[in-house]
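Trainee: I would like to learn how to read a protein structure feature by feature. Please walk me through this one.

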Amino acid sequence: MMKQPTSFKTAQYILLFFIVIICIWLAAWLIISDNRTKNQDTDTVNVIHITNNDPCIKRVNDYVARLWAYTPENIPEKYLIMANDYANEKITTKIKGACNNIKFTCRAGQIRKDCDPCAIASGRQFAMDRQISDTISQKCSK
């Protein structure tokens with residue numbers, strides 16, 4: 001004759017089932033949140049890089065690089081604000097990263113430039129890329 005499971009044994013199986021479900025959910029959440037913080041700084045900007053052989057695109061890349069390097073007073077205010085906003089952005093989620101082999105962690109509520117040693121350079125590059133993209137779309141459209 002088969003043994004009947006007790007209500008205590010049934011409760012143990014149900015509890016075990018819920019614990020397994022919670023562990024799976026927690027592991028998935030950790031993986032997703034880790035990927036989200038890694039991809040947080042990669043804003044989607046359609047930038048055509050200097051490796052393109054189109055002469056117009058090369059001229060725009062050279063022009064913007066010279067502008068930012070030698071005559072920053074001639075940079076349109078829109079892009080200066082963009083670079084400044086990036087560096088002074090208030091972090092909304094925890095970000096871990098590395099800059100020039102220096103590991104850093106930004107916590108929610110911190111200002112990016114206070115915790116990220118490359119925030120100013122990254123903001124500058126972001127604004128330059130956006131300016132290049134905008135200028136190419138204006139001057140190199142066929």
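**Reading the structure, step by step**

Mentor: Let's start from one residue: V60 lies in helix α2. Helices (DSSP H or I, at least four residues) and strands (E, at least two) are DSSP runs, numbered from the N terminus. Before we go on, note that this is a predicted model: local features need pLDDT of at least 70, side-chain atom pairs count only at pLDDT 80 or more, and totals for chains, interfaces and linings use all residues. Residues are numbered from 1 along each chain as its sequence is written, and side-chain values use heavy atoms, with hydrogens and water left out.

Trainee: Is V60 buried or exposed?

Mentor: Buried means under 20% relative accessible area, exposed over 50%, and partly exposed in between, with a 1.4 Å probe and protein chains only. V60 has a relative accessible area of 5%, so V60 is buried. For contrast, C23 comes out at 48% and therefore counts as partly exposed. Over the 142 residues of the protein, 27% count as buried.

Trainee: Which residues does V60 contact, leaving aside its neighbours within four places in sequence?

Mentor: Contact means heavy atoms within 4.5 Å. With those neighbours set aside, V60 is in contact with I132, T135, I136 and C140. Take C140: V60 and C140 are 80 residues apart in sequence, yet their C-alpha atoms are 8.7 Å apart in space. In the protein, of the contacts with a separation of 6 or more, 52% come from residues 24 or more positions apart.

Trainee: C140 is a cysteine, so let's turn to disulfides. How many does the structure hold?

Mentor: The general idea is that a disulfide is a covalent bond between the sulfur atoms of two cysteines. Here a disulfide is a pair of cysteine sulfur atoms within 2.5 Å, and the structure holds three. C140 pairs with C56, their sulfur atoms 1.9 Å apart. This pair joins distant parts of the chain: C56 sits in helix α2 (residues 55-70) and C140 in the segment after α5 (119-139), 84 residues apart. Handedness comes from the torsion about the S-S bond: for C56 and C140 the torsion is about -85 degrees, so this disulfide is left-handed. At 14% relative accessibility C56 counts as buried, and C140 is buried too, at 11%.

Trainee: What about the other two pairs?

Mentor: C99 and C118 form a disulfide with their sulfur atoms 1.3 Å apart. That pair links C99 in strand β1 (residues 95-99) with C118 in the loop between α4 (112-115) and α5, 19 residues apart. Both of these cysteines, C99 and C118, are buried. C106 and C115 form a disulfide as well, with sulfur atoms 2.0 Å apart. The S-S torsion of C106 and C115 is about 105 degrees, so this disulfide is right-handed. C106 is buried at 1% relative accessibility, and C115 is buried at 12%. If you number the bonded cysteines in sequence order, the pairing reads 1-6, 2-5, 3-4.

Trainee: How do β1 and β2 run relative to one another, and how many bridges join them?

Mentor: Two strands pair if DSSP finds at least two bridges between them. Here β1 and β2 (residues 102-106) run antiparallel, joined by five bridges. One of these pairings places I95 opposite C106 of β2. The two strands form a hairpin with two residues between them, and N100 in the turn has a positive phi of about 50 degrees.

Trainee: How do I check the length of a helix such as α5?

Mentor: Its expected span is 1.5 Å times one less than its number of residues. The 21 residues of α5 should span 30 Å, and the end C-alpha atoms are 30 Å apart, which agrees. The buried residues of α5, including G123, F126 and I132, pack against α2, α3 (77-87) and α4.

Trainee: At what angle do α3 and α5 pack?

Mentor: Two packed helices are described by the angle between their axes and the distance between the axes. Axes are lines fitted to C-alpha atoms over the stretch in contact, and angles run from 0 to 180 degrees between N-to-C directions. For α3 and α5 the angle is about 145 degrees, with the axes 8 Å apart. Among the residues making this contact are Y79, M82 and Y86 of α3 and G123, F126 and A127 of α5.

Trainee: And what is the overall pattern along the sequence?

Mentor: There are five helices and two strands, following the pattern α-α-α-β-β-α-α.
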